[in-house]
Amino acid sequence: MAKFFMNYFSFFFFLYRLVFKPSKNPKAFHRTASNIHANEGKLYHKYPSFAHRANLSKDQTLLLFNVEDALLKSPSLFPYFMLVAFEAGGLLRAFILILSYPLLRLVGEDMGLKIMVFVCFFGVKTKSFRVGSAALPKFFLEDVAVETLEVLKKGGKKVGFSNVPRVMIESFLRDYLDIDFVVGREVKVFRGYFLGVMEDKKQSNAALETIIGSQGLGICDVIGISGFKGSLQYHLSSHCKEIYLVRKADKRSWQRIRRDEYLKPLIFHDGRLAFMPTPLATLAMFMWLPFGITLSIIRAISGILLPYRLSIPILAYTGFQLSLSPNPSLQSSNTRKTRGRLYVCNHKTLLDPLYLSFSLQKDLTAVTYSLSRVSELLAPIKTVRLARDRDQDSKMMEKMLNEGDLVVCPEGTTCREPYLLRFSPLFAEMSDDIVPVAMDSHVSMFYGTTAGGLKCLDPLFFIMNPRPSYNVRVLDGVYGLSSFLGGGERSRFDVANHVQSEIGKALGFGCTRLTRRDKYLILAGNEGI
């Protein structure tokens, strides 16, 4: 049997080499770099030479660049299509795509692209497709090369063109890189559903030529940046004064941009996957899933049913990391109180109040702005739903504080990135014993938050990670509205801003004025109600 398989694979690889190995005569297929330079004179240049050019005139330069060849460092588009398959199509579609990966390696680049588009898009509703604006920009930004970003900063109108569907790249290019025009392949639609088939290349080529024709009037320099195949494929030579060609060797030496180098900050993004789903990483995820589901059940049962002295060691043994930085001054001030203490946390996941309760090893009541019925039923601590009505919510919080300690997340929604959203000032009126708590969490495989998915699965995805971690830091207490200097209507906002600032300093997070409404408009197309 072993001999049979050895002979079979030997024959398979022989056939593969025979059929798919490039010809020794490159002229039979495409022009190489030397052919291009010899035939086109000074029109073509090596890409590194572009870095020595002076700043481009914004009014006199039109810059065309290929997204895959000239902007992204990664040589493969598979991870981005895996994100589409998983986030828009679900686990089964992602599994089909990873199974088709060997086939993608065997067929040509164009056929492989068509297969990925069909697997990822066929049958997906056009109305509900928000992966291109909610999930993909984060991963595209992390793959942008510093060298190309510096080129884009030089000025001029910018046109990004690509072979991938336009719905995957347009939001990323326009919203985060300020690209003026985006040209990509269109996916055919029938009665509100993607068919998984792209329009002919001629249409995207025609759209690109139309943009060049309309924008090129009165422009002195039309410059193109692409790979060798891309430059010929889009006929840039008939429009561009200069074309800079990117070699694979150039891309290997490129550096990816850091977060502080983004042209615009990335504050909101959605989707479950927390890693770049390369073929190997995706395979590891599917191998982990059976263990992860079993482990998440053990963790959930331990946290819900067992007392703190038992559940905390069990959670630690299963790989969960929980670190607490207590505040000794608060512990020493345990004077007799008639009302409970109000803990004010930033919001990382739905589990924030629970892990604060674990850290302090005391029962707390959590007030939340949004919580699924399933999470409410399974929560091991008492939860109270707020109505987003100021008078009604203040009465409810007043009642809860009279019964014991209370925890609230005034951002009203979660934020994955190192930023804090605007704090609702209602909590400032409720107590003079306010304790800010800085919360941070880290995951390696799945995000435990969502804006467009099922919120009841948020805790499950979080505890399904191999080694999820929570860091809880209790800060110095602050006074509420009645004891705050200045008084008046404006003081509750001052208290809220002060608490937000203190938590931001402790975590090293940026403070913003963005709200829950802003987040949901960007990620889900609604106001989050």
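The exercises below, each with a worked solution, concern a predicted model.

**Exercise 1. The nonpolar patch**

Task: Find which helix supplies the largest share of the nonpolar surface patch, and decide whether Ile301 is buried, partly exposed or exposed.

Solution: Begin with the patch itself, which covers about 1,100 Å² and includes, among its residues, Ile293, Ile301, Leu310 and Leu378. Next, look at the helices that contribute, for α15 (279–305), α16 (308–317) and α19 (373–378) each supply at least two residues of the patch. The largest share, six residues, comes from α15. Ile301 has its place in this helix, α15. Finally, compare its accessibility with the cut-offs: partly exposed lies between under 20% for buried and over 50% for exposed, so Ile301, at 45% relative accessibility, counts as partly exposed.

**Exercise 2. Two helix pairs that involve α9**

Task: Describe how α9 is oriented towards α11 and towards α4, using the angles between their axes.

Solution: Take first the pair formed by α9 (residues 136–143) and α11 (residues 166–177), which pack at an angle of about 65° with their axes 9 Å apart. That makes α9 roughly perpendicular to α11, and the crossing of these two helices is right-handed. Turn then to α4 (residues 78–89), whose axis comes within 10 Å of that of α9 and crosses it at roughly 165°. Angles over 145 degrees count as roughly antiparallel, and α4 and α9 are therefore roughly antiparallel to each other. The crossing of α4 and α9 is right-handed.

**Exercise 3. Salt bridges within helices**

Task: For the salt bridges Lys153–Glu150 and Lys505–Glu502, state the N to O distance, the spacing along the helix and the exposure of each partner.

Solution: Recall that side chains of opposite charge can pair when their charged atoms come close. In the bridge between Lys153 and Glu150, the closest N and O atoms are 3.6 Å apart. Both residues lie in helix α10 (residues 146–153), three residues apart, which is about one turn of the helix. Lys153 is partly exposed, with a relative accessible area of 45%, and Glu150, at 40% relative accessibility, counts as partly exposed too.

In the second bridge, the side chains of Lys505 and Glu502 meet at 4.0 Å, N to O. Because these residues are three residues apart in helix α22 (residues 491–507), about one helical turn separates them. Lys505 is exposed, with a relative accessible area of 62%, whereas Glu502 is partly exposed at 29%.

Technical notes. Residues are numbered from 1 along each chain as its sequence is written. This is a predicted model: local features need pLDDT of at least 70, side-chain atom pairs count only at pLDDT 80 or more; totals for chains, interfaces and linings use all residues. Side-chain values use heavy atoms; hydrogens and water are left out. Patches are made of residues with over 30% relative accessible area and no salt bridge: like charges are joined within 9 Å, nonpolar side chains (Val, Leu, Ile, Met, Phe, Trp, Tyr) within 5 Å. Accessible areas come from the Shrake-Rupley method with a 1.4 Å probe; for residues, only the protein chains shown count as cover. Helices (H or I, at least four residues) and strands (E, at least two) are DSSP runs, numbered from the N terminus. Buried means under 20% relative accessible area, exposed over 50%, partly exposed in between (1.4 Å probe, protein chains only). Axes are lines fitted to C-alpha atoms, for helices over the stretch in contact, and angles run from 0 to 180 degrees between N-to-C directions. Angles under 35 degrees count as roughly parallel, over 145 as roughly antiparallel, 65 to 115 as roughly perpendicular and the rest as oblique. A crossing is left-handed if the near helix is turned anticlockwise from the far one by less than a right angle, and right-handed if clockwise.
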